[in-house]
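Let's walk through this one together, starting at the ligand and working outwards. Have the sequence and the 3D view open side by side.

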Amino acid sequence: MKHSTPPIASIADIARHEDREIRIAGWLYNLRSKGKIHFLQLRDGTGRIQAVAVAGECDPASFETIGTLKMEASVVVSGQVRRDERAPSGYELSVTGLAVIQNPEEDFPIAKKEHGIDFLLEKRHLWLRSSQPGALLKVRHAAIFSLRSFFNERGFILIDTPILTGSIGESAGTLFEVPYFDMGNAYLAQTGQLYLEAACVAFGKVFNFGPTFRAEKSKTRRHLTEFWMLEAEVAYLDNAGNLQLQEDMICALARDILSRCAEELKILGRDVEKLEKISPPFPRIDYGEAVKWLQQQGRAIEWGSDLGAEDETLLSNRYEKPVFVVNYPKKAKAFYMKENPEDPQTVLCADLLAPEGYGEIIGGSQREDDHDKLLARIHEEKLPEQAYTWYLELRRFGSVPHSGFGIGLERTVTWLCGTRHIREAIPFPRTISRLYP
Ligand code: 4AD
Ligand code: MG
């Protein structure tokens, strides 16, 4: 007779343990009892499985304990892995014993019943355990993996750009300021782009991936104050090449998510046919034409202003694929974008709008590589010139045409998952009204 403790197995690879004695270290998320049988729903982070404890087959003390367990009790359950066609995972555990690590004294705040979103966000630290938020965050993980792989496979060098910065990257209106010793205030990075521009001259093709901060006063379903952005920057790349790179990246991402996250997309109820349509080429529409079309739809937009969320939704609903809106007016965009030689009122840039009304997921442009034009734009925007001395110097030593873009991770994940609101696409969302938990 053997007395060794059985090994701990992950639910995700339970199939490898068929007919063997194992232990599962996890949590109880549901319990049903019928006389001499307990049905325990267990999860261990890697998956979910039903464990069945039958009086007479299970150790008697353990059997009794199971009846006292509260939801989310942490338990280590021993048992035999049995194949079961009816089980969602294909397997069941026949319980022989159970050790309680901690049994809550009260009911778990998140029950099966419907809770309001405010309550769930207040309990985000516990809500993470539920299957829907779990699936979303696994898609996020897969998206990060896919994006990183895309750039690694193409020879891009990862350059980590600073979070504390002295120069305004995007717009003065949405800066978080931090007291910085005797140098006055630093800003939390809105973008790492300016630093990537320095790095692309050193390494050719570079990217970063990190948190960015915007003191956005807007309370929309597309805005966070802290979000993650992947940015790429390439020397000797023009605007057309920049769009091509983005198109390749988004198509690879959609393919990867479809193939690696089938289970998660199912839990989320995502219509995968919509994602299957994401293939090249993406439509490209000129900003001026977009405005004309929007005006015909009765929108109040005037040539010169950035597109609003409603405008983006209307535009993107015309297509089943993401759409590039190109060549925005200079005054609607950041100072660093390159003037369009064919129409100096506009710049060589593009926003990529996701389908189904998810709005802008990528902002990108060719950069102004002419020293004097760039300096003039810095003056026009009333930016402090001395903070950009280093940036201007890049245009004095081997300046080349170069382009890049930034993809907002949470907006992209929200779209891929077909979720309404961006705040569920990040583990602990930060918005104008939320800093807890
Ligand atoms: O269009 P944005 O502002 O572009 C830049 O920051 C450039 N410097 C990028 C570059 O060219 N290297 O932001 C890029 C993307 C947006 O398309 C959007 O997906 C996301 O970042 N984003 C936000 N996501 C969540 N909450 C916010 N408040 C966001 N602001 C921008
Ligand atoms: Mg933008």
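Three strands each put at least two residues into the shell around ligand 1: β11 (226-235), β15 (359-366) and β16 (402-408). Keep in mind as you look that this is a predicted model. In total, 23 residues surround the ligand, and Glu170, Gln193, Arg214, Glu231 and Glu360 are the closest. Two of those names fit the strands you have just located: Glu231 falls within the 226-235 stretch of β11, and Glu360 within the 359-366 stretch of β15.

What kind of residues make up this shell, by class? It's a mixed bag, with eight nonpolar, seven polar and eight charged residues.

Now zoom in on the atoms. Start with Glu360, where an N or O atom of the side chain is 2.6 Å from an oxygen atom of ligand 1. Step along to Ile361 and the backbone takes over: one of its N or O atoms lies 2.9 Å from an oxygen atom of the ligand. Over at Thr191 it's a nitrogen atom of ligand 1 that takes part, 3.0 Å from an N or O atom in the threonine side chain. How much of the ligand does the protein cover? On its own, ligand 1 has 620 Å² of accessible area, and the protein covers 94% of that. As for the site itself, the ligand sits in the largest pocket.

Time to zoom out. The protein has 13 helices and 16 strands, and its C-alpha atoms fill a box of roughly 85 × 55 × 40 Å along the principal axes. There are 437 residues, of which 51% count as buried.

Two residues make handy examples of burial. Leu120 belongs to helix α2, which spans residues 117-122. Its relative accessible area is 11%, so Leu120 is buried, the cut-off being under 20%. Pair Leu120 with Leu409 and you get 289 residues of separation in sequence, against 22 Å between their C-alpha atoms in space.

Glu226 takes us back to strand β11, one of the strands that feed the ligand shell. Is Glu226 buried or partly exposed? With 25% relative accessibility, Glu226 counts as partly exposed, because that class runs between the 20% and 50% limits. Its partner for a distance check is Arg23: the two are 203 residues apart in sequence, and 40 Å separates Glu226 from Arg23, C-alpha to C-alpha.

How values were computed. Residues numbered from 1 in each chain as written. Chains lettered and ligands numbered in written order. Predicted model: local features only at pLDDT ≥ 70, side-chain atom pairs only at ≥ 80, totals over all residues. Heavy atoms only, no water. Near = heavy atom within 4 Å. Polar contact = N/O pair within 3.5 Å; in protein donor to acceptor, adjacent residues only side chain to side chain. Areas by Shrake-Rupley, 256 points an atom, 1.4 Å probe, with all protein chains shown as cover. 1 Å grid on protein atoms, 1.4 Å probe; cavity = no way out; pocket = protein on both sides within 12 Å on 5 of 7 lines; lining within 4 Å. Sits in = over half its atoms within 2 Å of the grid points. Helix = DSSP H or I, 4+ residues; strand = E, 2+ residues; numbered from the N terminus. Nonpolar A, V, L, I, M, F, W, Y, C, P; charged D, E, K, R; others polar. Buried < 20%, exposed > 50% of the residue type's maximum accessible area, 1.4 Å probe, protein only.
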